[in-house]
Amino acid sequence: MRIRVVDAFTDRPFAGNPAGVLILDDVFPDDDWLRKVALEVNHAETAFAHRLPEGGPADWALRWFTPLTEVAMCGHATLATAHVLYTTSAHEGPVRFATRSGVLIATPGADGSITLDFPTAPLTPVEVPAALAGALGAEPAGAHDTGPDVGDLLVELADERTVRGLAPDFKALAAHSSRGIIATALADDPSLGYDYVSRCFFPNLGIDEDPVTGSAHTSLAPHWSARLGRDDLTGLQASRRTGLVRTGLRGDRTLLTGSAVTVIEGELLGSWALSGNSLRPPAGTGGNPDGP
């Protein structure tokens with residue numbers, strides 16, 4: 001099987017958020033094998049996809065795994081998967097992915113970008129946890145729960161400089177949400193091409209800081225669109241790698257637009273051949289489940 005590493009939400013290598021992408025010939029192998037591949041790839045997420053029969057509500061089945069666990073929603077690995085399908089001519093035009101978060105649609109743009117259609121996160125104002133400022137390293141101006149699909153706590157900080165300067169206590173931060181913390185502020189200078197900044201911390205998933213988080217922008221979009229009075233905005237995720245996400249609020253759906261670049265392509269030697277619903281090693285491997 002061919003395996004790729006794709007940098008998502010960037011138009012150049014070694015920026016944005018890297019995701020492993022594995023296009024399968026058939027149904028998903030067992031979860032233990034998927035977790036082992038994701039751990040071996042060791043990026044924030046690895047995406048696994050296989051084609052579905054024609055005539056159904058979706059074209060491809062898609063799942064995402066961190067090095068520790070499966071996640072319910074992942075924007076950058078969805079973008080990376082769509083990029084692989086388009087660049088390998090495995091699919092043309094809009095692609096419908098069947099996922100744990102429902103059917104998600106990716107549409108190619110004439111400029112080479114890809115737009116994802118995701119559910120908008122429902123925002124609920126909540127009290128700022130008393131110990132959060134100490135764990136985060138800054139005092140939040142307010143906080144919102146982002147609902148069960150995203151599972152983050154979104155906190156607004158005073159300004160862009162504060163967001164960029166955060167140095168959280170990740171162990172302490174893990175106690176404050178089921179998935180992670182989204183820290184955000186208005187851009188200091190919108191003439192630089194972005195309206196707001198964010199950083200995302202997911203210690204509960206084994207990811208102290210995620211480089212660029214598409215799913216987080218399904219909550220950032222409604223938050224900042226309400227504040228700025230515009231449906232179409234651009235967010236900069238100010239991680240070390242950085243990345244831009246163009247967001248379009250469309251009621252209960254949010255459009256996430258970005259580019260992607262394949263940086264590594266190779267052959268997965270530790271693969272397993274599918275036989276019915278069980279897994280067996282390919283011929284000549286000696287039957288060792290831990291080796292190629």
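**Exercise 1: Empty space inside**

Find how many cavities of 30 Å³ or more a search of the whole structure gives, and describe the lining of the largest one.

*Solution.* Keep in mind that this is a predicted model.

Step 1. Start with the idea behind the search: rolling a probe the size of a water molecule over the atoms shows where empty space is left.

Step 2. Count the results. Searching the whole structure turns up two cavities of 30 Å³ or more, and the largest cavity holds about 60 Å³ of space.

Step 3. Look at its walls. The largest cavity is lined by 14 residues, and those closest to its centre are Glu45, Cys74, Arg179, Asp210 and Thr213. Helix H2 (75–87) and strand S14 (207–210) are the elements that give two or more residues to this lining.

Step 4. Sort the lining by character: six residues are nonpolar, five are polar and three are charged.

**Exercise 2: One helix, two sides**

Work out which residues of helix H1 are buried and where they fall when you look down the axis of H1.

*Solution.* Step 1. Locate helix H1 at residues 31–41 and pick out its buried residues: Trp33, Leu34, Val37, Ala38 and Val41.

Step 2. Now look down the axis of H1. The buried residues fall within an arc of 135°, so they line one face of the helix.

Step 3. Go just past the end of H1, where you meet Asn42 with a positive phi of about 65°.

**Exercise 3: Pairs of opposite charge**

For the salt bridges Asp31 with Arg63, Glu209 with Arg199 and Asp232 with Arg250, say which elements each pair ties together.

*Solution.* Step 1. Recall the principle: side chains of opposite charge can pair when their charged atoms come close. The whole structure has 15 salt bridges, including the three in this exercise.

Step 2. Take Asp31 and Arg63, whose side chains meet at 3.0 Å, N to O. Asp31 belongs to helix H1 and Arg63 to strand S4 (residues 60–65), so this pair ties together parts that are 32 residues apart in sequence. Asp31 is partly exposed at 30% relative accessible area, while Arg63 counts as buried because its value, 15%, is under the cut-off of 20%.

Step 3. Move to Glu209 and Arg199, with 2.8 Å from N to O. Glu209 sits in strand S14 and Arg199 in strand S13 (residues 196–202), so they link parts ten residues apart in sequence. Glu209 is partly exposed at 26%, whereas Arg199 is buried at 8%.

Step 4. Finish with Asp232 and Arg250, whose closest N and O atoms are 3.0 Å apart. This pair connects strand S15 with strand S16, across 18 residues of sequence. Asp232, at 47% relative accessibility, is partly exposed, and Arg250, at 41%, is partly exposed too.

Step 5. Check for shared partners: Asp31, Arg63, Glu70 and Arg100 are joined into one network of salt bridges.

**Exercise 4: Following a strand to its neighbours**

Trace how strand S16 pairs with S15 and with S17.

*Solution.* Step 1. Strands S15 (residues 232–237) and S16 (residues 243–250) are antiparallel and share six bridges. One bridge partnership joins Thr234 to Arg246 in S16.

Step 2. Follow the turn between S15 and S16. Five residues separate the strands of this hairpin, and Thr242 in the turn has a positive phi of about 60°.

Step 3. Continue to S17 (residues 253–258), which runs antiparallel to S16 and is joined to S16 by five bridges. Here Thr247 is opposite Leu256.

Step 4. Inspect the second turn: the hairpin of S16 and S17 has two residues between its strands, and Gly251 takes a positive phi near 65°.

Key
Residues are numbered from 1 along each chain as its sequence is written. This is a predicted model: local features need pLDDT of at least 70, side-chain atom pairs count only at pLDDT 80 or more; totals for chains, interfaces and linings use all residues. Side-chain values use heavy atoms; hydrogens and water are left out. Two strands pair if DSSP finds at least two bridges between them. Helices (H or I, at least four residues) and strands (E, at least two) are DSSP runs, numbered from the N terminus. On a 1 Å grid over the protein atoms alone, a cavity is a set of points where a 1.4 Å probe fits but cannot get out, and a pocket is an open set with protein on both sides within 12 Å along at least five of seven lines; lining residues have an atom within 4 Å of a point. Grid points are joined across faces, edges and corners, and a volume is the space filled by probe spheres set on the points. Ala, Val, Leu, Ile, Met, Phe, Trp, Tyr, Cys and Pro count as nonpolar, Asp, Glu, Lys and Arg as charged, and the others, Gly among them, as polar. Buried means under 20% relative accessible area, exposed over 50%, partly exposed in between (1.4 Å probe, protein chains only). The arc is that of the directions from the helix axis to the C-beta atoms. A salt bridge is a side-chain nitrogen of Lys or Arg within 4 Å of a carboxyl oxygen of Asp or Glu.
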